[in-house]
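Open the structure in your viewer and keep the sequence panel visible. The stops below give a selection to make and then say what is there.

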Amino acid sequence: MTHDHLAGAGLPALDGLKVLDASTLFAGPLAATLLGDHGADVIKIEHPRGDPARTHGAQKDGVGLWWKMLARNKRAITLVLSTPRGRELFLDLAADADVVIENFRPGTLERWGLGWEELSARNPRLVLARVTGFGQTGPYSSRPGFGTLAEAMSGFAAMTGEPDGPPTLPPFGLADGVAALTTAFGILTALRARESTGRGQVLDTAIIEPLLHLLGPGLIAYDQLGVLQPRTGNRSSNNAPRNTYRCSDGRWVAVSTSAQSIAERVVRLVGAPELIDEPWFASGAGRAEHVEELDAAVGSWIAARDRDEVVAAFEEAQAAVAPIYTAADVLADPHFNALGSIVTIDDEELGPVRFQNTPFRLSDTPGSVRTTGPRLGAHTAEVLGSLGVDAGELDRLREQGVV
């Protein structure tokens, strides 16, 4: 079922939810984006100098492209929370909000008089989501924290890369993205709890934890067996063949054989059915011990054929294969387009832009991308006007550097 097929269904699931996104860069803002995709009214609160994400990554005519995706479905205002009037206005906004998302260092909101005590006194139903590198407590809580540090400390980098190469970091915000998904889930969990308790609560997300949670059995394996997962490149220590292979036209494919039946289909396809009779072939661990032999068989067969031929043959054999895609391939792929994975939105600065749609589909209450990331302060007058701030005061607040 595509996104298009869902058009005209019921209201988005989070319609009526008010979210104040006072976080910067990636984990907190992306969590707010996920809520906004499903109908929440997300008010992005920035310092007048702007969220640093506005200038991260590629730009076109001075306009940040990452921002257009990250701040989609949000209204943007500027407000300096550390000023007395800024504090008052933030408390006024929080008075009828459902969620506040922030990622200041622990103690910062408290120093401004905007800690949990003040916020919950003003609005007992508020959920305060706090997203930091190391969490609100513990010996590292005061350290500045970024996703890169989480990718290092979680164990991800230590197990990523070639066996004789260095620990390897991902070329995108992996830890931030996983933390954003976790934070969005945590917010919805807190809102569900509020239905029975009538009260909000504090959500503490430490970016170092969600990625750690996804790394599988590494901790228990070390705890029980004293073994550390080695770096294996694109291979797997659990099964084989599992790798990337170069085709005759210079393009690449990825092959996975996590299931025994798939492994058998692959070796039959590449002309090495006799390997199935080997005693070691009957388990993933056994195949992993004979990875050189398996990779040689699979790799040489693939190297003699172009990518389209390889993919077609694997599909016919019902063996698991995927072409290694770039962004250009993703945008052109018929399956991504059939799913509605890519959306085209008109942006006032750039014209039509294409980027990722909502990451899942609901049959009755679908989410959607309605707007791209707005200009700095585009909705300040609108949002603060709803609090009774008239044009004259807004001008004074601008002169004073409050907005």
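This is a predicted model.

**Stop 1: strands 1 and 2**

Select residues 18–21, which are strand 1, and residues 41–46, which are strand 2. The two strands run parallel and are paired over four bridges. For a landmark, label Val 19: its bridge partner in strand 2 is Val 42. Now add residues 27–37, helix 1, and follow the chain from strand 1 through this helix to strand 2. The β-α-β crossover made this way is right-handed.

How many of the six residues of strand 2 are buried? Five are, and the strand is mostly covered.

**Stop 2: from strand 2 to strand 5**

Keep strand 2 and select residues 74–78, strand 5. This is again a parallel pairing, with five bridges between the two strands. Ile 43 faces Arg 75 of strand 5 across the pairing.

**Stop 3: strand 7 and its partners**

Select residues 127–132. Strand 7 is largely enclosed by the rest of the structure, because six of its six residues are buried. Colour Val 127, Ala 129 and Val 131 for one face, and Leu 128, Arg 130 and Thr 132 for the other; the residues on both sides are all buried.

Which strands pair with strand 7? Add residues 99–102 to show strand 6, which runs parallel to strand 7 and is joined to it by four bridges. Glu 102 is the residue opposite Arg 130 here. Then add residues 202–206, strand 8, which is also parallel to strand 7 and is linked to it by five bridges. In that pairing Leu 128 sits opposite Val 202.

**Stop 4: helix 7 and the nonpolar core**

Select residues 174–197. Helix 7 has 24 residues, and the distance from its first C-alpha to its last is 34 Å, close to the 34 Å expected at 1.5 Å a residue. Just after the helix comes Gly 198, with a positive phi near 80°.

Next, show side chains around the helix. In soluble globular proteins, nonpolar side chains tend to be buried together. The largest nonpolar core in this model has 28 residues. Val 19, Leu 35, Ala 40, Val 99, Ile 101, Ile 187 and Ile 207 have the most contacts inside this core. Helix 1, strand 6, strand 7 and helix 7 each give two or more residues to the core, and the largest share, eight residues, comes from helix 7.

Centre the view on Ile 187. What does Ile 187 touch, leaving aside its neighbours within four places in sequence? The contacts are Leu 35, Val 99, Ile 101, Ala 129 and Leu 203.

**Stop 5: the antiparallel sheet**

Move to residues 243–246, 252–255 and 321–323, which are strand 9, strand 10 and strand 11. These three strands form an open sheet in the order 9-10-11, with antiparallel pairing. Strands 9 and 11 are the edges, each paired on one side only. From one strand to the next, the twist averages 30°.

Strand 9 and strand 10 are joined over four bridges; Thr 244 has Ala 254 of strand 10 as its bridge partner.

Finish with two helices. Residues 291–303 are helix 12, which packs on the sheet, touches strand 9 and strand 10, and makes an angle of about 35° with the direction of strand 9. Residues 307–316 are helix 13, which lies across strand 10 and strand 11 and runs at about 20° to strand 10.

Terms used
Residues numbered from 1 in each chain as written. Predicted model: local features only at pLDDT ≥ 70, side-chain atom pairs only at ≥ 80, totals over all residues. Heavy atoms only, no water. Pairing = 2+ DSSP bridges. Axes fitted to C-alpha atoms, helices over the stretch in contact; angles between N-to-C directions. Contact = heavy atoms within 4.5 Å. Expected span 1.5 Å × (residues − 1). Buried < 20%, exposed > 50% of the residue type's maximum accessible area, 1.4 Å probe, protein only. Right-handed = clockwise from strand over helix to strand, strands pointing away. Core = buried A, V, L, I, M, F, W, Y, C linked by side-chain atoms within 4.5 Å.
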